[in-house]
Amino acid sequence: IEMVLTDKPLLGEHVLVTAGPTRERIDPVRYLTNDSTGTMGYALAQMAWRMGAQVTLISGPVDKPPLMGVERIFVTSAAEMYNAVMSHLPMSTIVIKAAAVADYRPEFESDKKLKKQDDALLHLTLAQNPDILKAIKERRNAACFVVGFAAETHNPDYYARKKLEEKGLDLLVLNDVLEPGAGFGTTTNRVSLYYPDGSVQQLPLAPKLDVARDILLAIAEQKKGKVI
Ligand code: CTP
Ligand code: CA
């Protein structure tokens with residue numbers, strides 16, 4: 001991407017980004033996951049560094065090279081992501097939760113491969129994973145700016161507003177995953193930004209690095225005006 005950043009709008013910020021899917025083990029050869037490839041989260045981490053921030057990227061299992069200037073921590077499950085996020089929260093001034101966290105995990109992980117006649121595989125029982133964003137809401141200091149993502153296939157506006165409110169976010173980035181050129185595994189994205197005052201800003205369809213820059217500029221702008 002050809003881009004000149006004349007100033008560094010995120011200088012002095014400590015940005016924590018989560019990216020990619022999580023993987024929830026069933027047994028040594030099987031797991032539950034989702035279609036996230038981590039591209040949007042990685043673009044945000046890279047761009048945040050270019051904008052002057054110190055960046056920590058907590059990444060689920062994805063096949064991506066390391067990013068220039070970015071400290072990367074790999075995690076596998078939602079529980080591991082939860083722990084990594086919580087341990088970095090005190091140092092962070094901006095948290096961006098682009099990861100697609102698995103909502104459920106198998107209730108029991110088997111250390112032996114389950115056999116097909118096993119009832120455990122036919123009737124997989126699930127347990128709910130902790131909601132990392134909701135936990136952040138309770139544990140963060142007031143100066144920390146928290147950004148959530150919502151990937152929706154229907155009623156996007158309704159769910160975006162609901163998540164912004166329920167998770168106590170400073171900004172919500174809505175991804176309509178069924179829209180052409182947007183969502184999982186694409187090189188471009190088209191998102192809308194939802195603000196706590198009820199306003200919505202639709203960003204144009206663009207390469208994910210450009211979308212990342214627009215999101216980060218919006219965060220920098222919004223954070224300046226945040227009353228704490
Ligand atoms: N999220 C999280 N921890 C979870 C689930 C989601 O931190 N266990 C975060 C995601 O990283 C994202 C935001 O919450 O920033 C919204 O995720 P999403 O899956 O869209 O929302 P859910 O609350 O899980 O609701 P649902 O899957 O039912 O739409
Ligand atoms: Ca979810």
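This tour moves through a predicted model, from the whole chain to helix 1, the core, the ligand shell and several single residues.

**The whole protein**

Begin with the complete protein in a cartoon view, where 6 helices and 14 strands are assigned. The C-alpha atoms fill a box of roughly 60 × 35 × 35 Å along the principal axes. A compact globule of 228 residues would have a radius of gyration near 17 Å, and the value of 18 Å for the protein agrees with this. Colouring by burial marks 38% of the 228 residues as buried. Among contacts between residues at least 6 apart in sequence, 63% join residues at least 24 apart.

**Helix 1**

Select residues 39–50, which form helix 1. At 1.5 Å a residue, the 12 residues of helix 1 should span 16 Å, and the end C-alpha atoms are 17 Å apart, which agrees. Is helix 1 enclosed or open to the outside? Helix 1 is largely enclosed by the rest of the structure, because 11 of its 12 residues are buried. The buried residues run through Thr39, Met40, Gly41, Tyr42, Ala43, Leu44, Ala45, Gln46, Met47, Ala48 and Trp49.

Next, display the elements against which these buried residues pack. On the strand side they are strand 1 (14–19), strand 4 (54–59), strand 5 (70–74), strand 6 (94–97) and strand 11 (188–189). Helix 6 (208–225) is a further packing partner of the buried residues of helix 1.

Then step just past the end of helix 1 to glycine 52, which takes a positive phi of about 105°. Keep glycine 52 in view and add leucine 11, which is 41 residues away along the chain. The C-alpha atoms of leucine 11 and glycine 52 are separated by 4.3 Å. Leucine 11 lies in the segment before strand 1, and with 11 C-beta neighbours inside 10 Å it counts as exposed.

**The nonpolar core**

Which residues touch the most other members of the largest nonpolar core? Select Val17, Leu44, Ala48 and Leu216, which do so among the 58 residues of this core. Helix 1 supplies the largest share of this core, 8 residues. In soluble globular proteins, nonpolar side chains tend to be buried together.

Centre the view on leucine 44 and show its contacts. Residues up to four places away in sequence aside, leucine 44 touches Val17, Ile96, Ala98, Ala212, Ile215 and Leu216.

**The shell around ligand 1**

Turn to ligand 1 and select the 14 residues around it. Lys97, Val101, Ile132, Leu133 and Gly148 come nearest to the ligand. Helix 4 (132–139) and strand 9 (145–152) are the elements that give two or more residues to this shell. Strand 9 contributes the largest share, 4 residues. Colouring the shell by class shows 8 nonpolar, 2 polar and 4 charged residues.

From strand 9, move to asparagine 155, in the loop between that strand and helix 5 (156–166). Most residues other than glycine have a negative phi. Asparagine 155, although not a glycine, has a positive phi of about 45°. Asparagine 155 is exposed, with 9 other C-beta atoms within 10 Å.

**Leucine 114 and arginine 30**

Select leucine 114, in the loop between strand 7 (104–106) and helix 3 (119–122). Leucine 114 has 18 other C-beta atoms within 10 Å and is partly exposed. With residues up to four places away in sequence left out, leucine 114 touches Ile26, Asp27, Ala120 and Leu121. Now add proline 28: its C-alpha atom is 8.7 Å from that of leucine 114, although 86 residues separate the two along the chain.

Continue to arginine 30, found in strand 3 (residues 30–32). Arginine 30 is partly exposed, with 14 other C-beta atoms within 10 Å. The C-alpha atoms of arginine 30 and lysine 113 are separated by 8.3 Å, with their positions 83 residues apart along the chain.

**Across to helix 6**

Finally, keep lysine 113 selected and add alanine 218, which is placed in helix 6. How far apart are the C-alpha atoms of alanine 218 and lysine 113? They are separated by 48 Å, for two residues 105 apart along the chain. Alanine 218 counts as partly exposed, with 17 C-beta neighbours inside 10 Å. Residues up to four places away in sequence aside, alanine 218 touches Leu171 and Leu193.

Note on methods. Residues numbered from 1 in each chain as written. Chains lettered and ligands numbered in written order. Predicted model: local features only at pLDDT ≥ 70, side-chain atom pairs only at ≥ 80, totals over all residues. Expected span 1.5 Å × (residues − 1). Buried ≥ 20, exposed ≤ 12 C-beta atoms within 10 Å, placed from the backbone. Contact = placed C-beta atoms within 7 Å. Rg over C-alpha atoms; globule rule 2.2 N^0.38 Å. Core = buried A, V, L, I, M, F, W, Y, C linked by C-beta atoms within 7 Å. Near = placed C-beta within 6 Å. Nonpolar A, V, L, I, M, F, W, Y, C, P; charged D, E, K, R; others polar.
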